[in-house]
Amino acid sequence: MKKNFLIKQYISDKKMKIRHNYLSEQFKNSNKIFNYIKNTVEFNDFTLGRYVELFEKEFCKYQKSKYAIGVGSGTDAIFLSLKALGIGKGDEVITPTYSFYATAGAIATSGAKPVFVDIKDDLNIDEDKIEKRITKKTKAIVPVHFTGYMTNMPKLKKISKKYNIPIVEDACQSILASINNKNSGTWSDFGAFSLHPLKNINVWSDGGIIVTSNKKYYEHLKLLRNHGLSDRDNVKICGYNSRLDTLQAVVGNWLIPSAKKIANQRIKNANFYDKQLSKIKGIKIPPRLKNYKIVYHLYIVFAERRDELLNFCKKKGIEAKIHYPIPMYRQEAMKFLKHKKGDFPVSDEHANSIISFPCDQHLSAKEMSYIVDCVKKFYS
């Protein structure tokens, strides 16, 4: 039997001097959360309880959306959005080749075929390459706002309108990101968000939330997430079991008032890195567009001799990472699509040069300076 690889990873990561995992700092003053959890235990509303409804309302307020539906995970948020569109076997869904598995996985488990498109230097889908991938079977486009850097939604909306193809935004890494002050997830039919423990707004387990401005979709998604139940005794449609847990909504409610502060601090940290690392020969900063608000779920740059730099940083106690070393089209799970290495050259190129540094809101100036100094030392 294969062991849970995550436990070994947690132990290894814990040994690092500066880590990507900042949860001990974020939740060190969590007594209020436990008081709310005690209240939930006494009230017994563990399934779609009061705190879920409250969190949905608060999330709408921060994301400036009309409706929100709490679900089991960010993956489910994408999956259920696709099912709300009626997507299934025989359909095709366009998505970037560079993302975490959840995006392509949600498409595949919906019954549809993921149709990959290469990326640009901002690590998001290349909008200029989308139209060539559209066929009569194309039923949706799922852009990924990778690292908290939004896809060019104005351009994508034009393509969507031209071909009458709906968009499901994978906004799992981009809570409060925006273009021209319009938030991620609100540009299209659906915005899918993750509340995974290491997202900018997070809970203590898996969790997700979908935003939409369409009342019909909102009512349908409420059925889809809860077995299709219209009430305790009547099943209106065949649905799924994907409800945001009430205990996780408690954590979300405790944290969401800090959403803007968290985003602003991450932006400040990233600006510091950009200024310092851009001076180092061997490091290239991705493009930063002025009308984009990037919330830096991940802080990624391009590095020469990347693997050597990665090992050097780890030896210095810095938990640098690669998000992600293998583009999705080359993963074993996607071999049924029959792609070969080189089909998406920009994804391949960036997979060989990207490196992620800790950028969370709890980092001190001293810690960030230490990271910069280590990178300088490596290239010197």
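**Exercise 1.** How many positive and how many negative side chains does the protein chain have, and how far apart do the centres of the two sets lie?

*Solution.* This is a predicted model, in which local features need pLDDT of at least 70 and side-chain atom pairs count only at pLDDT 80 or more, while totals for chains, interfaces and linings use all residues. Residues are numbered from 1 along each chain as its sequence is written, and side-chain values use heavy atoms, with hydrogens and water left out. Begin with the counting rule: Lys and Arg are positive, Asp and Glu negative, and His and the chain ends are not counted. Each charge is then placed at NZ of Lys, CZ of Arg, CG of Asp or CD of Glu. The result is 64 positive and 37 negative side chains, with the two centres 2 Å apart.

**Exercise 2.** Describe the burial of the protein chain, and then that of Y273.

*Solution.* Take buried as under 20% relative accessible area, exposed as over 50% and partly exposed as in between (1.4 Å probe, protein chains only). Of the 380 residues, 57% count as buried. Y273 has a relative accessible area of 0%, and is therefore buried.

**Exercise 3.** Place Y273 within the fold and identify its contacts.

*Solution.* First, Y273 belongs to helix 10, residues 259-277, where a helix is a DSSP run of H or I with at least four residues, numbered from the N terminus. Next, with contact meaning heavy atoms within 4.5 Å, and leaving aside residues up to four places away in sequence, Y273 touches S278, Y299, P358, C359, L363, M368, I371 and V372. Finally, the C-alpha atoms of Y273 and K64, which are 209 residues apart along the chain, are separated by 30 Å.

Definitions and conventions. Helix = DSSP H or I, 4+ residues; strand = E, 2+ residues; numbered from the N terminus.
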